[in-house]
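Colleague: Could you take a close look at the backbone of this model for me, and at the loops where it takes an unusual turn? I would also like to know how that part sits within the wider architecture.

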Amino acid sequence: MPSSCLSGGTVARLGRPRHRPTLGSRSARLGPPTVRTAAVLATALALSLPLVAVPSSAAAAPQPAPAAGEFVLPAAPRAVPRATQILNAGTSGFLWAQEGDDRLLWTDYATGAATALEQRLDVPVQYDIDSGYFREAASSRPGYYGDGSDTVALYSEEDSQVTLLQGAGASGGTTVVPVPEYHTYQGTFGSTVVTSTSGVNGNPNAYQLWRVEDGGGVGQTPVTGLPDGAGNIVVDDGDARSVILRYDTDEDSWGHWGIVDLATGAFSTLPDRVDPEDGWEVTGFRLGADSVLRLRSGRGKADVYDRDDLSAPARTFDTGALSYEAAYGIVGDKLLGVEPVSPGDNKYRGQPLWALTSDGTDTDLIKVMDPAAHQIVQAPDGSVLVAGAEQYVEQGDLDWGVHRIALATDGSLTRSRLSAVRPMPARINGLSLGSGILTTADNSTLYEPGTIIGAYRSTWLTTSGTPGVARTTVDGLVSGRDGDCAADATRCIPMFADGTGRHGRRDATESGLTMLRTNGATAWGPTLDTGDDSPELNDLSGRYAVIDGASSGDQYISEFPDGSAGKVLQERDGVAAAVWGNTLWSGAATGGKVTATRLPSGTVVESFTTRNGCTPSSLQAVGRWVYWTCVDSWGDVQGSGVYDRAAKRTATAPAGRVLLGDGYLVQHIGGTNSDSGLTLFDLHGGLPSSGSSTDLPSRKLVNWTELGRYGTGVSGIRTSWTVDRFGGGVAYADDEQRVHLVPTGVPASALSAIDSTVTSGPASWSGTWWLSKPAASWKATVRHKASGATVRTVSGSAARGLLKAAWDGKDSAGRLVTNGAYTWTLTAQPADGQGAALTISGTIAVTAGAAARRDYAGNDGVGDVLTLNSSGTLTIQRGTGTGTLGSKVSGAGWPTTARFVPFGDLSGDRCNDVLVRLSSGALRAYRPACGKAATPSTPYTSLEPSDWGQYDVLTSPGDVSGDGRPDLIARNASTGTVYLYKGTSTGKLSARVKLYDNWKTYKKVVGAGDLNGDGIDDLLAQDKSNILYRYEGTGRGTFKARVKVFSNWGASYNAVVGVGDITGDGRADLVSRDTSGNLYRNNGDGKGSFGGRTKIATGWQGYKAVV
């Protein structure tokens, strides 16, 4: 992309073939005349110049190693590729320079290895991506560094000599060609050095050719045949055989061109007039290996001549599809062209390289590479060198390199990559850091500064062990309106991290919305329309934000709920405010009182007064600490300090550019003095008794030299540097756009929940906790409250600031738990290993789970007793959970001869059913709704067989077969045979299975539930000697051998009920009625036995049945 000579302090937009001005113009497009060129090498050259090998991608010089514990993230690739200058294409390699580098690089074609010359440019090459101009560049004069061969020319104006590195320095040593006094160096072509004298007009010796002779001397050959009166002669192109001169004459103000044979020095004119009267039509000539290209930009044409026979007819191409600024080159019979970058069309990354072919009448265009740089350099073998992308990418990183375009044997074009060109670092315009998630806004991915100036990028840093990167993403695009990012603005987007994986920027969208973005997502995050003309985000923590009206003076305390638009919780006059989790700190409008309230309720939590009573102008809050600054309307600081919530004490603190972290303050001091940079003040040990910040432990965290130019002037808070107030350290961006993560050495506070929402459903539970710092892992354990048995444990891995846990009401086997009271305990381990684990607990009332044994009313997991009175009313006597019976639910209309068997949920509707045997011997399964007593009109299912009158015992211990369904035990009255009827999935009973012969010895057989805590339901049997036995279920539809529970027990009882748990301890209890109508309770011990009896009611002798 070189242009004409850059003397005179011009800024060159380098875009033309070889080392010439843009085709069709007489000089390079000039930018602002204020930046000097790097055309002249810095020091005199010695006779021997050592070369230094560098990687083939021509990497920049290595950066200093990070300090201990510091982690450095490399810069992202800039959207606009690194600008390059191809200075000389030889036979075995090429010389080039690149943006951001002051080295001259020679790259070998065969190996791709790059070699840096010891001599460097005065300053690194600088390129303005907005204008497409070089601000600092190597000289783009044709042949300045050599042309057309492997000879590299290094000119020293100070020593008036040109040093030639023969063979690119690989062999042959070096040769010095003096530049005579009063001669001007014009370039080196092949091994020929060209100079000129000042008296050009009419001087037959105006141009001289110098070359090293075999004996070591330097021979001189004058250029002969220059037209009389020729003036303003400049070298327009050249190679090892010839140079093209452009000149003016007195008779014609339009330019003329001629060609010089370097072997003889003879000058001959070129056909620079199609029509003698139209001098404007021809705009230049370029040399190809075997051709001479004549450009007729005025007509949109180009003619290719045979270099050895300029009188032969030319091949004409129609170049009207390309502008007059296009750069051209020749490969075989094809003309290659590429346009310059076009800021007006948002084409900042380059434009397509086209191959033009002509059949003499029509011209076709074929895309060769897209995008490509605006420079085509002719090589001696007839190929051309062009910088461009390996493949087209609409958005994202371009794989940029220097390519050779050559002619294949079949006449087609081939492209081969000669060298990679490392991307330029993307300029960081803002950054945020929360819970170890770094967000940057930079000019990567896409650059269309009218609208888009780059992308947001997220980096998840490891939160324990060796610092590193866990994950990276390229997120949404950065708008130029995301901050005060006018032309040439840098570090212009102040950003905030919410600590949960979202970030916001200070400035609103162009439509006035305050917006958050989710790390890792490309789409917009939640937005909030405050209705203010100029809302600015002032603070952000979790779901809450403080938004200030920059012009209105109003303030909006807002919430950004998960998955929905933001909402304003409170609109008020602007005061100093900060938010930490669900705690809002607000300064008074006048005076020094600062008050904390709980969001969203507004309940006052605590307050303090600034140390000198000054009215805060800004607040920051992190956990235990609150920082304030008081700045008056004149901009003068009236006081600043920090409040310790734990000790209820205050102390002074540094003012100005300060950010509060977890247990520390960081102050930025501008300038280049010894104290300039970032200084850390350690708070974690408490505030000094003196109350003075000078007694706080402090140390220099980052020197101003490491912050670079961004650290010596403006603050750069949240644009150049920031802190991770969610248990992390400090981040800053240097001049190379690398981000440094610096540990503070201050231990983070213990992991805590700074906000939470917990929701319990009838058979579910979920919670969200906003954390003070990242957690490495967590688990939530759900236990049955009464028994303490764990029913489910859910767990998760890392949680960065936001922990979500949920339970679906099921146990570890996937079954709904029974109704009742449960507890949950959440435990989270800190990722940094500092402090105790976070432990939070609560209760859950499950009311839509599986029906608990004997629970007919309340869905509370407490057993109930059913009674039938002489009027035929069936009553649910509700257990209280404290061992007594309370309220009642009744259903009338039953015959008093009916026999009731509390049975559990046979129908699968999560409500316990009741089996009713009628006097006819029919057995029905009634399905009352939860909390309702069965009536004769309640829906039912008739159960087979029809003759259930044969049984004198019908009882349900619960599930004895292990399939999760209630089962029925029946004893034949005449034989004493005991049978099992298993409940089925269809709501009926399976065919009976005999369990025992002749149980006539037992006067009572009671289904008792799980007596020993093994999860399998059991039976109780009382024999005629009043010995009570326990039959433990096996879970396979059978029972183990009997075990004596009590002797001489229950002789007076006419009803014994396995009532389930009515005491609330999770154990199966017994309720018994004696003949006097007294009601007793025996508490189950969970080991298969019971405690002593307790009277819980009297007067129950009137009930026909107690079951």
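Modeller: What follows goes through the backbone first, then the domains and the nonpolar cores.

Please keep in mind throughout that this is a predicted model.

I begin with the cis peptide bonds, one of which runs from D370 to P371, with an omega near -5°. P371 belongs to strand β29, which covers residues 363-372. Another cis peptide bond joins L599 and P600, and here omega is about 0°. P600 is placed in a loop, namely the one between β48 (593-598) and β49 (603-609).

Turning to phi, R718 has a value near 65°, which is positive although the residue is not a glycine. R718 sits in the loop that runs between α1 (704-707) and β58 (721-723). N998 likewise is a residue other than glycine with a positive phi, in this case near 45°. The loop that holds N998 lies between β78 (993-996) and β79 (1002-1009). With a relative accessible area of 45%, N998 is partly exposed, because that class covers values between 20% and 50%.

On the other side of β78 there is the loop between β77 (978-982) and β78, and S985 is found in it. S985 has a relative accessibility of 60% and therefore counts as exposed. Although S985 and R965 are separated by 20 residues in sequence, their C-alpha atoms are 7.9 Å apart in space.

As for the wider architecture, the protein is divided into domain 1 (279-391), domain 2 (431-552), domain 3 (575-719), domain 4 (753-846) and domain 5 (864-1106). Between the C-alpha centres of domain 1 and domain 2 the distance is 44 Å.

The largest nonpolar core has 42 residues, and the members that touch the most others are L95, L104, Y145, V162 and I493. Strands that each supply at least two residues of this core are β6 (93-98), β7 (103-108), β11 (152-156), β12 (161-165) and β36 (452-461). Of these, β11 provides the largest share, with 4 residues. Another core, of 30 residues, lies apart from that one, and its members include A596, A621, W628 and W770.

To return to your request, the backbone features to inspect in the model are the cis bonds from D370 to P371 and between L599 and P600, together with the positive phi values of R718 and N998.

Technical notes. Residues are numbered from 1 along each chain as its sequence is written. This is a predicted model: local features need pLDDT of at least 70, side-chain atom pairs count only at pLDDT 80 or more; totals for chains, interfaces and linings use all residues. Side-chain values use heavy atoms; hydrogens and water are left out. Buried means under 20% relative accessible area, exposed over 50%, partly exposed in between (1.4 Å probe, protein chains only). Domain bounds come from an automatic or database domain assignment. A nonpolar core is a set of buried Ala, Val, Leu, Ile, Met, Phe, Trp, Tyr and Cys residues joined through side-chain atoms within 4.5 Å.
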